[in-house]
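Student: I am new to this structure and should be grateful for a close look at a single part of it. Please begin with how that part is divided, and then explain what lies around it.

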Amino acid sequence: MAKLMKYEFRKTLMVKMVILGLTALLEIVYLIGLWCKQEDMLGIGVALLPLTAFGSIMVTGLASVVILHRDMNTKQGYMLFMTPNSCYRILGAKVLENGLSILLTGACFFALGALDITLLVAKQGQLQELLDAIRSFITSIDTRLALDFPMLASFTVNMLLNWFSVVTACYLGVAISAALLNGKKLNGLISFLIIVLLSSLVSWLQRLATGTIVDFKTTFLVDAAVAFACAVVMYFATAQIMEHKLSV
Amino acid sequence: MLESKQITKVYGHKTAVDQVSMKLMPGHIYAMLGPNGSGKTTWMKMAAGLVKPTSGEMLFKGEPVGIASRERIAYMSTEPYFYAWMSIRDAGLYYADFFRDFSYDRFAELLKRMELTDDLKTRTLSSGMMAKMKIAITLARDAEVYMLDEPFNGIDLMARDEIRESIIEHASPDKVLLLSSHLVEEMEAIADQAVYMREGHLVEIDDLEELRQSQGVSMADRYREIYRHMEV
């Protein structure tokens with residue numbers, strides 16, 4: 001499994017390098033703005049770095065889907081499917097590598113964000129005011145939200161597992177397209193509709209499970225548990241289709 | 001050792017392989033012959049586990065092909081299939097990571113014989129260099145079955161001799177070698193068995209020595225006879 005993951009990482013290396021390069025560029029802009037008191041540059045950094053963080057996590061997930069599509073639909077798939085590995089293992093390596101990449105990307109951006117805020121406070125002071133402003137922003141969204149560790153942890157777990165369910169829904173759509181609908185008319189459209197349908201189904205199940213829960217933290221966790229359960233089902237369905245129906 | 005039973009593969013409305021039953025025995029070099037679209041590549045891909053049959057079964061040592069058989073069957077596709085980012089060395093390390101029977105030393109030796117260096121990027125290789133590299137990486141495995149799809153495609157005459165020698169060196173009483181090619185005369189110098197295919201069907205399997213002795217005809221003669229008779 002570790003060897004498969006190593007090569008999955010290598011396949012997405014270019015995407016990761018682009019993300020790293022873009023982030024480094026924006027960070028430089030931010031630091032120049034902060035040190036040289038260039039408000040325009042500081043503003044660009046403050047506005048675009050969080051956007052890049054969010055976009056990077058999205059792109060990291062989607063890159064894995066694109067690579068699975070390529071593995072199933074081009075000759076390079078021979079490299080993967082002629083190795084003595086089951087489709088469960090192959091797909092598992094993709095899921096794990098992608099999950100770890102997303103976690104790592106998230107952690108890196110979180111650390112970078114913390115560093116940037118620290119630098120900003122060190123340079124301009126007023127830490128308490130900044131925290132108060134963030135708290136005030138969060139409670140303006142909903143008064144039950146709070147800026148504390150359990151809330152942040154449950155929110156992070158929720159986001160991660162929801163994204164995991166989206167990625168596995170895409171995997172299933174791609175597998176159905178390559179294995180069951182290959183060569184058929186409207187293949188791409190049908191696969192896209194399957195992905196939308198699966199994602200809607202997950203959302204419906206989540207609403208059903210969290211409907212009567214008032215507490216935000218519990219809502220986040222139940223919602224995440226449903227997403228995780230759906231992702232596991234979709235993972236097994238995808239691997240099963242690949243194992244028995246996929247011809248590369 | 002490698003056997004297909006009534007195996008069929010249908011793509012849409014086209015039947016690529018139609019109810020083919022055959023058994024390949026160790027100690028032989030088989031030449032799989034037939035015009036384009038006769039089902040040679042699809043049959044090999046089913047044996048490699050890359051293509052799932054529509055019906056029938058493919059067996060390796062009596063068991064359906066799958067994860068275990070991929071450990072023992074070395075397949076070389078006619079199309080290039082390496083990842084674009086790979087150098088020849090990366091490809092060798094990839095094989096070393098996944099195939100226990102792969103020897104990097106043997107790979108390096110074969111590369112040297114093919115006049116290739118492992119620092120070359122696979123995406124920059126000419127078709128001839130790619131063909132040689134694919135053969136080197138496949139033969140660097142110590143498999144029980146080698147299936148080489150069109151091994152002489154795009155290779156010049158001098159390099160062909162080197163490849164022919166390398167292939168023959170791999171023949172042994174406990175191994176099966178299966179080669180497909182359009183170059184019938186080239187195959188005659190290597191194979192001892194000929195598998196003729198046409199439009200997805202198996203026409204016949206000939207023991208070439210027996211054919212020469214009993215009927216006084218070569219593989220190329222028999223090829224012409226079969227496909228002329230069938231109005232190809």
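Tutor: Domain bounds, as the word is used here, come from an automatic or database domain assignment. For chain A, that assignment gives domain 1, covering residues 1–125, and domain 2, covering residues 149–248. Please bear in mind throughout that the model is predicted.

I shall take the meeting of these domains as the part to examine. The centres of domain 1 and domain 2 of chain A, taken over C-alpha atoms, are separated by 21 Å. Their contact draws 19 residues from domain 1 of chain A and 17 residues from domain 2 of chain A. On the domain 1 side, the elements that supply two or more residues are helix 3 (39–73), helix 4 and helix 5 (87–124) of chain A. Of these, helix 5 of chain A gives the most to that side, namely 8 residues. In character, the domain 1 side that touches domain 2 of chain A consists of 11 nonpolar and 8 polar residues, with no charged ones.

The setting of this contact is chain A as a whole. Chain A has 9 helices and 0 strands, so that every element in its order from the N terminus is written α, giving α-α-α-α-α-α-α-α-α. Its C-alpha trace spans about 60 × 45 × 35 Å along the principal axes. Of the 248 residues in chain A, 33% count as buried. Among the contacts in chain A with a separation of 6 or more, 72% join residues that are 24 or more positions apart.

Chain A also has a side that faces another chain. Here 20 residues of chain A are in contact with 20 residues of chain B. On the chain A side, the elements that contribute two or more residues are helix 1 (2–11), helix 4 (77–81) and helix 9 (216–245) of chain A. Helix 1 of chain A provides the largest share of that side, with 4 residues. The side of chain A that touches chain B divides into 8 nonpolar, 7 polar and 5 charged residues. Helix 4 of chain A is thus named both for the contact with chain B and for the contact of domain 1 with domain 2 of chain A.

We may now cross to the partner, chain B, and look at a pair of helices. Two packed helices are described by the angle between their axes and the distance between the axes. Helix 4 (residues 104–113) and helix 5 (residues 127–139) of chain B pack at an angle of about 150°, and their axes are 8 Å apart. Angles over 145 degrees count as roughly antiparallel, and helix 4 and helix 5 of chain B are therefore roughly antiparallel to each other. The crossing of helix 4 of chain B past helix 5 of chain B is right-handed. From helix 4 of chain B, B:Phe107, B:Leu110 and B:Leu111 meet B:Ala136, B:Ile137 and B:Leu139 of helix 5 of chain B. The residues of this contact are 6 nonpolar, no polar and no charged.

Between these two helices runs a loop, and B:Leu125 lies in it. B:Leu125 has 18 other C-beta atoms within 10 Å, so it counts as partly exposed. Leaving aside residues up to four places away in sequence, B:Leu125 touches B:Leu120, B:Met130 and B:Met133. The C-alpha atom of B:Leu125 is separated by 9.6 Å from that of B:Ile88, 37 residues apart along the chain.

Another helix of chain B offers a case of burial. In helix 1 (residues 40–48) of chain B, 9 of the 9 residues are buried, so this helix is largely enclosed by the rest of the structure. Among the buried residues are B:Lys40, B:Trp43 and B:Lys45. B:Gly49 follows helix 1 of chain B and has a positive phi, near 80°.

Finally, the backbone of chain B deserves a word. Most residues other than glycine have a negative phi. B:Gln6, although not a glycine, has a positive phi of about 50°. B:Gln6 belongs to strand 1 (residues 2–11) of chain B, and it counts as exposed, with 12 C-beta neighbours inside 10 Å. B:Glu199 likewise is a residue other than glycine with a positive phi, near 45°. B:Glu199 is placed in the loop between strand 9 (193–198) and strand 10 (201–207) of chain B, and with 16 other C-beta atoms within 10 Å it is partly exposed.

Definitions and conventions. Residues numbered from 1 in each chain as written. Chains lettered and ligands numbered in written order. Predicted model: local features only at pLDDT ≥ 70, side-chain atom pairs only at ≥ 80, totals over all residues. Contact = placed C-beta atoms within 7 Å. Nonpolar A, V, L, I, M, F, W, Y, C, P; charged D, E, K, R; others polar. Axes fitted to C-alpha atoms, helices over the stretch in contact; angles between N-to-C directions. Parallel < 35°, antiparallel > 145°, perpendicular 65-115°, else oblique. Left-handed = near helix turned anticlockwise from the far one by under 90°. Buried ≥ 20, exposed ≤ 12 C-beta atoms within 10 Å, placed from the backbone.
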